[in-house]
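Hi,

Here is the structure I promised to pass on. Have a look, and my notes on what turned up are below.

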Amino acid sequence: MTVKTGRPIDSVSMDEARGLQGRLTKPAGSLGRLEDLGIQLAGIYRACPPPVPRDPLIVIAAGDHGVIAEGVTPWPQEVTAQMVGNFLAGGAAINVLAKEVGARVVVVDCGVHAQFEASPMLHVVKRALVTGDIYVEPAMPESVALELIEEGISFALQQAARGVDLLLTGDMGIANTTPSAALIAAATGVSAHAVTGRGTGVDDHTLAKKTAVVAHVVDSFQGDRASASQLLARMGGFEHAFLAGLIVGAAEASVPVILDGVISVAAALMASLIDSTVQQYLIAGHRSVEPGASVGLTHLGLVPLVDLGLRLGEGTGAALSVPMVRAAARILAEMATFDSAGVSTAKD
């Protein structure tokens with residue numbers, strides 16, 4: 001795998017943004033997290049004020065998971081393919097929210113147990129129809145994990161070259177919260193119990209089974225926990241590998257990435273193992289109710305923009321944060337300063 005080390009975001013632009021925030025017609029710090037976000041965007045885009053993102057792209061990475069054989073979810077595997085069809089037809093929640101915030105959607109078939117008709121919304125990187133059952137075998141050969149990481153990097157660079165200035169990570173894959181929990185536990189050192197959640201809403205019996213699967217997978221891992229490709233090969237999903245590469249490529253292209261839920265967070269942890277610089281380019285769109293998401297975000301040093309109790313995936317939580325990202329940039333670009341507006345400042 002040939003990965004360029006990402007550049008840190010631009011400290012000069014960030015310092016300029018901090019100074020500008022102090023001159024805008026408001027008490028210092030009164031816009032809270034929006035001020036921090038505007039400063040981060042200035043650093044990512046290497047400009048103050050930062051440009052307002054005009055062309056956001058939601059990337060829904062889809063894949064099937066062999067661990068479904070262990071009874072970790074009551075949903076049948078064919079739902080993955082059915083939902084991909086729903087995305088392509090424009091009928092899913094993410095399609096509605098994408099339209100609301102002016103974002104485009106692309107679905108990436110990373111390894112779905114189906115074939116789809118060609119579509120401008122569909123990008124295929126499939127190496128296999130389903131991962132191995134991680135309870136009893138590796139998810140995929142390490143070579144496949146590396147190939148999918150490379151595919152994600154290339155895709156991000158291609159989209160940036162076409163003018164995409166904001167990437168959002170989404171996912172689809174029945175049983176994919178199980179490998180997500182395993183990746184997060186392995187990368188952070190937190191227990192399986194602390195990172196494993198109910199996913200689609202499983203009952204107590206299924207949750208206990210799922211937690212036991214995650215614990216076994218993590219405890220049996222004999223590889224390097226600092227190696228994204230080894231972790232992905234043993235316990236990840238095809239979509240995790242692709243999204244990890246997407247995040248690395250976005251950082252290389254100086255494009256911010258809004259993370260969605262627990263699958264995206266697991267992928268971001270893998271990306272940070274490849275290149276720790278990527279953390280500076282990440283925005284946590286929301287706090288998923290899946291416990292592993294909060295564990296992963298804390299490990300990455302990220303605070304989510306909103307907490308709406310979401311657990312759908314697809315990129316829905318990331319999409320809802322797009323207006324806030326735009327607002328943070330627009331405030332720096334368009335808000336008057338005390339001098340330009342002729343407004344008096346507070347007395348010392």
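Glu-314 counts as buried because its relative accessibility is 4%, under the 20% cut-off. Keep in mind that this is a predicted model. Glu-314 sits in the loop between helix 12 (291-300) and helix 13 (316-320), and its phi is positive, near 70°, though the residue is not a glycine.

Arg-46 also turned up with a positive phi, about 60°, and is not a glycine either. For context, most residues other than glycine have a negative phi, and most peptide bonds are trans. Is Arg-46 buried or partly exposed? With 27% relative accessibility, Arg-46 counts as partly exposed. You'll find Arg-46 in the loop between helix 2 and strand 1.

While you're in that part of the chain, check the peptide bond between Cys-48 and Pro-49: it is cis, with omega about 0°. Pro-49 lies in the loop between helix 2 (33-45) and strand 1 (56-63).

On to the rings: how many aromatic pairs does the structure hold? Just one. The partners are Phe-155 and Phe-242, with 5.8 Å centre to centre and 55° between the planes, a tilted arrangement. The pair ties together distant parts of the chain, since Phe-155 belongs to helix 5 (residues 142-161) and Phe-242 to helix 10 (residues 238-252), 87 residues apart. Phe-155 is buried, at 3% relative accessibility, and Phe-242 is buried too, with a relative accessible area of 0%.

Cheers

Definitions and conventions. Residues are numbered from 1 along each chain as its sequence is written. This is a predicted model: local features need pLDDT of at least 70, side-chain atom pairs count only at pLDDT 80 or more; totals for chains, interfaces and linings use all residues. Side-chain values use heavy atoms; hydrogens and water are left out. Rings of Phe, Tyr and Trp (its six-membered ring) pair if their centres lie within 6.5 Å; planes under 30 degrees apart count as stacked, over 60 as edge-to-face and the rest as tilted. Helices (H or I, at least four residues) and strands (E, at least two) are DSSP runs, numbered from the N terminus. Buried means under 20% relative accessible area, exposed over 50%, partly exposed in between (1.4 Å probe, protein chains only).
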